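Q: Please take a close look at one part of this structure and explain how it is put together. I would like one connected account that a first-year student can follow.

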Amino acid sequence: MGRRVYTGTAKHQIHVVFDHRQQCRQTAAPASVVESTREKEGPLKACLDQLDELVGLSKVKEFVTEIYAWLEVSKRRQAAGLATDQQVLHMIFAGEPGTGKTTVARIIGKLFKEMGVLSKGHLIEVERADLVGEYIGHTAQKTREHVRRALGGILFIDEAYSLARGGDKDFGKEAIDTLVKSMEDHKNEFILILAGYSHEMGQFLRLNPGLPSRFPIQLTFPPFTLTELMEIADNMVREREYRLSFAFKEKLKKHLQEERLRNRNHFGNARHVRNLIEQAARHQAVRLLRAKHTSRDDLMTLRSEDLQIESGSQNGFKASWYNEKIHDSLTV
Ligand SMILES: Nc1ncnc2c1ncn2[C@@H]1O[C@H](COP(=O)(O)OP(=O)(O)OP(=O)(O)O)[C@@H](O)[C@H]1O
């Protein structure tokens with residue numbers, strides 16, 4: 001992992017990154033800034049395009065563009081010999097399941113890599129069970145290990161508030177303390193993103209008054225509207241070279257409408273749509289296998305009978321959401 005060293009006069013600092021192969025490269029020398037920006041225009045643009053392609057999330061997109069602009073202009077200011085602040089880039093992502101938090105974190109990782117903020121830009125996703133151990137000292141060891149894996153990229157902690165679940169006597173507290181210490185010890189070497197439901201995240205931050213100032217960037221991921229969910233479904237089938245019959249769309253719309261009301265805060269949003277589409281494609285395959293002849297149109301079209309919604313299947317949120325998460329980790 002690279003170590004950032006500041007050399008030169010205060011006004012003309014040059015950031016030099018030493019990597020583990022003992023090579024060094026200048027990341028902000030005036031001449032190379034323009035060059036490296038131009039050189040990286042392709043992948044950089046690809047990251048921003050990827051963000052743009054996500055349905056909805058207008059505030060999140062605005063904010064990421066703001067961070068991008070700020071970092072880019074900071075480089076230019078530095079090149080012009082002007083003072084620049086070091087921004088703290090640790091973040092809170094608050095929102096319901098399936099609203100794009102992990103997806104956006106992944107894109108930010110790539111974006112920051114392209115901008116030279118992170119050396120690798122990868123994402124390590126963990127939850128309470130990955131960090132909390134069984135005896136004194138075990139938690140710190142486990143947590144440090146995940147921080148080590150995340151160096152150069154992003155450490156993304158899902159349902160971060162569960163670390164404060166057991167109060168002061170719980171090992172979760174040790175995980176929080178270790179994370180805070182790691183943020184000091186490895187300043188600028190990784191970005192920590194704490195994610196989870198808005199309400200619980202708010203409570204978590206209030207109970208840990210030392211934390212909010214360490215996470216100046218707080219993004220809210222709103223639940224998708226019905227129109228957005230239908231657009232997500234359309235995009236997903238287009239990407240997979242399928243299309244939806246009119247009756248399929250009507251059935252899906254009705255189901256999503258009911259499901260959002262029934263599960264309220266626990267509705268799986270875009271992930272739920274994805275799982276329905278993938279499941280429908282499997283049902284369509286079984287249907288087509290029985291047919292004597294299949295046209296190109298048959299192969300592409302998902303019909304309403306392919307959308308088999310078991311009544312009450314989504315009622316037990318815990319089970320359905322958990323299954324969707326497992327399914328996600330197997331199919332991503
Ligand atoms: N805005 C969006 N447009 C299109 N697809 C999306 C969008 N947001 C999420 N998805 C898709 O929904 C699925 C779940 O998204 P993601 O894992 O990012 O959600 P999450 O908020 O991190 O969920 P959780 O909190 O449950 O972990 C992914 O397949 C992702 O591609």
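A: Two residues are in contact if their C-beta atoms, placed from the backbone, lie within 7 Å. The model is a predicted one. With that cut-off, and leaving aside its neighbours within four places in sequence, H146 is in contact with I124, V126, D130, L131 and L155. H146 itself lies in helix 6, residues 138-150. It has 19 C-beta neighbours inside 10 Å, and a residue needs 20 or more to be buried, so H146 counts as partly exposed. A separation in space can also be given for H146 and E125: they are 21 residues apart in sequence and 9.1 Å apart from C-alpha to C-alpha.

The part to look at is the sheet. Strands of a sheet pair through backbone hydrogen bonds, either parallel or antiparallel. Here the sheet is open, has five strands in the order 5-6-7-4-8, and shows parallel pairing. Its edges are strand 5 (123-126) and strand 8 (217-221), each of which pairs on one side only. From one strand to the next the twist averages 20 degrees.

Start at the edge formed by strand 5. Strand 5 and strand 6 pair in the parallel sense over four bridges. One pair of bridge partners is E125 and F156, with F156 in strand 6. On its other side, strand 6 (residues 154-157) pairs with strand 7 (residues 191-196), again in the parallel sense and over four bridges. In strand 7, I191 is the bridge partner of I154, and I193 is the bridge partner of F156. F156 can therefore be followed in both directions: its bridge partner is E125 toward strand 5 and I193 in strand 7.

Which way do the side chains of strand 6 point? In a regular strand the side chains alternate between the two faces of the sheet. In strand 6, I154 and F156 point one way, while L155 and I157 point the other way. The four are buried. L155 is also one of the residues in contact with H146 of helix 6.

After strand 6 the chain enters a loop that leads to helix 7 (171-185), and E159 lies in this loop. E159 is not a glycine, yet it has a positive phi of about 50 degrees. It has 17 C-beta neighbours inside 10 Å, so E159 counts as partly exposed.

A helix also lies across the sheet. Helix 8 (residues 198-207) lies across strand 4 (91-95), strand 7 and strand 8, and runs at about 140 degrees to strand 4.

Helix 4, residues 101-114, is worth a check of its length. At 1.5 Å a residue, its 14 residues should span 20 Å, and its end C-alpha atoms are 20 Å apart, which agrees. Of those 14 residues, 12 are buried, so helix 4 is largely enclosed by the rest of the structure. The buried residues include V104, A105, I107, I108, L111 and F112, and also K101, R106, K110, K113 and E114. Just after helix 4, G116 takes a positive phi of about 80 degrees.

How does this part fit into the protein chain? The domain assignment gives domain 1 (41-221) and domain 2 (226-331). Their C-alpha centres lie 31 Å apart. Eight residues of domain 1 are in contact with 13 residues of domain 2. On the side of domain 1 that touches domain 2, the residues divide into three nonpolar, four polar and one charged.

Two residues from further along the chain can be set beside those above. T301 is found in strand 10, residues 301-302. Not counting residues up to four places away in sequence, T301 touches R243 and S245. T301 and V147 are 154 residues apart along the chain, and their C-alpha atoms are separated by 46 Å. N269, in helix 11 (residues 269-290), has a positive phi of about 45 degrees although it is not a glycine. With 24 C-beta neighbours inside 10 Å, N269 counts as buried.

Some totals complete the picture. The protein chain comes to 13 helices and 10 strands. Of its 332 residues, 31% count as buried. Among contacts between residues at least 6 apart in sequence, 73% join residues at least 24 apart.

Note on methods
Residues numbered from 1 in each chain as written. Predicted model: local features only at pLDDT ≥ 70, side-chain atom pairs only at ≥ 80, totals over all residues. Pairing = 2+ DSSP bridges. Helix = DSSP H or I, 4+ residues; strand = E, 2+ residues; numbered from the N terminus. Axes fitted to C-alpha atoms, helices over the stretch in contact; angles between N-to-C directions. Expected span 1.5 Å × (residues − 1). Domains from an automatic or database assignment. Nonpolar A, V, L, I, M, F, W, Y, C, P; charged D, E, K, R; others polar.
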